[in-house]
Amino acid sequence: MAETDRDRVQDTCETSAEESARLHFIREAIEEDNRAGRFGGKVHTRFPPEPNGYLHIGHAKAIWLDFGMAQDYGGQCNLRFDDTNPAKEEQEYIDAIMEDVRWLGYDWEDRLFFASDYFDQLYVWAVQLIQAGKAYVDHLSQEEMREYRGTLTEPGKDSPYRNRSVEENLNLFEQMKNGAFAEGECVLRAKIDMKSGNINLRDPVMYRIIHAPHPRTGSKWCIYPMYDYAHGQSDSIEGVTHSLCTTEYEDHRPLYDWFLDALGIFHPRQIEFARLNLTYTVMSKRRLLRLVQEKYVSGWDDPRMPTLRGMRRRGYTPEAIRAFCEAAGVGKRATTSEIEMLEHYLRQDLNKRSPRVMAVLRPLKVVITNYPDDQVEEMDAVNNPEDPEAGTRKVPFSKVLYIEQDDFMEDPPKKFYRLAPGREVRLRYAYFLTCQEVIKDDLGQIVELRCTIDPATRGGDAPDGRKVKSTLHWVSAAHALESEVRIYERLLTNPDPGALEEGQDFTDLINPNSLEVLPTCYVEPSMKDAPAGSFYQFERLGYYCVDSDSTPDKLVFNRTVGLRDDWAKLQKSS
RNA sequence: UGGGGGAUAGUUCAACGGCAGAACAGCAGGUUCUGGCCCUGUCGAUCUUGGUUCGAAUCCAGGUCCCCCAGCCA
């Protein structure tokens, strides 16, 4: 009994993504360590953002991996801000990042850390390295240092300050800390190997002088550790077992090892994976910032932005993003996933969970000539065919309706199944409808359809068993809620915005029609009090969510993603 | 002509010396009160040249191509 219960609980708790969890090379590495008892079987990871920007879908992959691996192996994941450069970092970003990580569904519990928490320890260690003759204060200017560093193919040469005595270095570093020097006057460097093929090992800077207040340590310090000097030790201090990072840090690993070994402290295992790229998407902070600053989008949370706030506002769900990450997999080669895959997992999630509703975006008036003027019927409509528990609702039907302009053609091509003169279709959950007459204005534009219904088909089925080729969604004009709908297309016209031609800027690739506002749409009255963030499937159209701009007087919707549309595909191909 | 990493269907990921598979995308059907969902079928790949082996995507050697590194950014 107890066993079957447990089995059932497990069955229902495991999502399909987890069931299909792949044994990618990082899981393999972790399991290998666990088998060998390398970290006492423990798995402890961390997500280490710099608070100098908003999180985007690329970060989601890292978050999913960092927190996900800890979750999968019964470990823990810290959130640690790598806040080593006060010139660039702000509290605003710290708050935003925490909000986004939580939204993605992850919890660092009481393990919120900052690299700045370790500034004292890092300083002590720096002194220790100086005493061991492994670090020195350098007075080379920035330009000189670049020259001395050599190039990719030529070795560097030693700084003339490289052989200062331990006492002198200790004294100089102390003065650096005390603010005796201006920014740029000198730095503390690790004494490693100016001839190394790995440029990271050519006496990297450990500390530089920045006379700026830090969001967390205030004016306590005027010297700040470089990321490379802080990162490995921060992981070490936190007892991070598996330090997951992107491939560009692969050749920093020897440097982290050098610091860890020189200091004789705990040694995490770093594993590198390829960062996520998406077609039709720019991900760099610089480009994202330009989109915002140059007003190509309305802000960091514009629904067209690949930021987590943008995607959240667009109507993406954390479940869909996580399922996508799992499906996209983990590798080491530089790749670009197709955005269609992301959209597939979005639709898959939304299909399961969205209440269905009828909404007409581009209204065409239909008058039912054989329907009583004042009559209103309440039609039963299914809320979600994928979820019987969701139940049904009533939708009002009356003499004057709106249907979608796309659902009528006066002169239909062969494969067009929808309404046309003399043709009968079904109004979903209502009646069979036949178009009797097309009314046009002076310009020849269709302004109204005169139609009749078959009263015997109430509810949507014909007692004589006759079939129709299509079913249309509709709203009752007298009952509909007028609302605004914002349709989003890809922000960029090129799937690979990284590959620009000579003299081309990525902003040249911006789609001028990425946002279309439809100010006069009609949605069924059941949505009257829909709160911001709630999501629906507009039947036959797509998934839509209520935008934060929505008011009780006028609902505003974002199109999250359209339904797959074979008819549109057919039209495009012909 | 330095160092590090990588190369499997259109895309992303599997196959860990033993029948090259999946998902997404595409195409063709079926089903349907959503041209949705679902179902079925189908197209389609081991960078290259040698070697080892009964057998190689996998091991070895050479070549080619791609990505990252010359911040007092992270």
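**View 1. Helix 9 sits largely enclosed by the rest of the structure, because 9 of its 11 residues are buried.** Welcome to this predicted model; the tour begins at helix 9, which covers residues 227–237. Its buried residues are Asp228, Tyr229, Ala230, His231, Gly232, Gln233, Ser234, Asp235 and Ser236. Follow the chain just past helix 9 and you come to Gly239, which takes a positive phi of about 70°.

**View 2. Tyr227 and Tyr249 form one of the aromatic pairs of the model.** A search of the whole structure turns up 22 aromatic pairs. In this one, the ring centres of Tyr227 and Tyr249 are 5.5 Å apart and the planes meet at 35°, so the pair is tilted. The two partners come from distant parts of the chain, 22 residues apart: Tyr227 belongs to helix 9, while Tyr249 is in the loop between strand 8 (242–246) and helix 10. Tyr227 counts as partly exposed, at 24% relative accessibility. Tyr249 is partly exposed too, with a relative accessible area of 24%.

**View 3. Phe397 and Tyr431 make another tilted aromatic pair.** Here the rings are 5.2 Å apart from centre to centre, with 55° between their planes. Phe397 is in strand 14 (residues 392–397) and Tyr431 is in the loop between strand 16 (424–427) and strand 17 (432–440), so the pair ties together parts that are 34 residues apart in sequence. Phe397 is buried, its relative accessible area being 0%. Tyr431 is buried as well, at 4%.

**View 4. Ring pairs join a set of aromatic residues into a cluster.** Look here for Phe119, Tyr123, Phe173, Tyr207, Trp221, Tyr224, Tyr229, Trp258 and Phe259, which these ring pairs link together. Tyr229 may be familiar from the first view, as one of the buried residues of helix 9.

**View 5. Helix 6 meets helix 10.** Helix 6 spans residues 119–131 and helix 10 spans residues 253–263. Their axes come within 10 Å and cross at roughly 80°. That makes helix 6 roughly perpendicular to helix 10. At the contact, Trp125, Gln128 and Leu129 of helix 6 meet Phe259, Ala262 and Leu263 of helix 10. Sorted by type, the contact residues are 5 nonpolar, 1 polar and no charged.

**View 6. An open sheet is built from 7 strands with mixed pairing.** Reading across the sheet, the strand order is 10-23-24-25-21-22-11. Strand 10 (356–357) and strand 11 (359–360) stand at the edges with a single partner strand each, so one side of each is left without a neighbour in the sheet. Helix 14 (residues 339–353) packs on the sheet, where it touches strand 10, strand 23 (535–538), strand 24 (542–546) and strand 25. The direction of helix 14 makes about 125° with that of strand 25.

**View 7. Neighbouring strands in the sheet pair in both parallel and antiparallel senses.** Strand 21 (residues 481–488) and strand 25 (residues 555–562) are parallel and share 4 bridges. Within this pairing, Arg486 has Asn558 in strand 25 as its bridge partner. Strand 21 and strand 22 run antiparallel and are joined by 7 bridges, and Leu481 stands opposite Val523 in strand 22. Strand 11 also runs antiparallel to strand 22 (residues 515–523), with 2 bridges between them. The bridge partner of Ala359 in strand 22 is Val523.

Note on methods
Residues are numbered from 1 along each chain as its sequence is written. Chains are lettered from A and ligands numbered from 1 in the order in which they are written. This is a predicted model: local features need pLDDT of at least 70, side-chain atom pairs count only at pLDDT 80 or more; totals for chains, interfaces and linings use all residues. Side-chain values use heavy atoms; hydrogens and water are left out. Axes are lines fitted to C-alpha atoms, for helices over the stretch in contact, and angles run from 0 to 180 degrees between N-to-C directions. Angles under 35 degrees count as roughly parallel, over 145 as roughly antiparallel, 65 to 115 as roughly perpendicular and the rest as oblique. Contact means heavy atoms within 4.5 Å. Ala, Val, Leu, Ile, Met, Phe, Trp, Tyr, Cys and Pro count as nonpolar, Asp, Glu, Lys and Arg as charged, and the others, Gly among them, as polar. Two strands pair if DSSP finds at least two bridges between them. Buried means under 20% relative accessible area, exposed over 50%, partly exposed in between (1.4 Å probe, protein chains only). Rings of Phe, Tyr and Trp (its six-membered ring) pair if their centres lie within 6.5 Å; planes under 30 degrees apart count as stacked, over 60 as edge-to-face and the rest as tilted.
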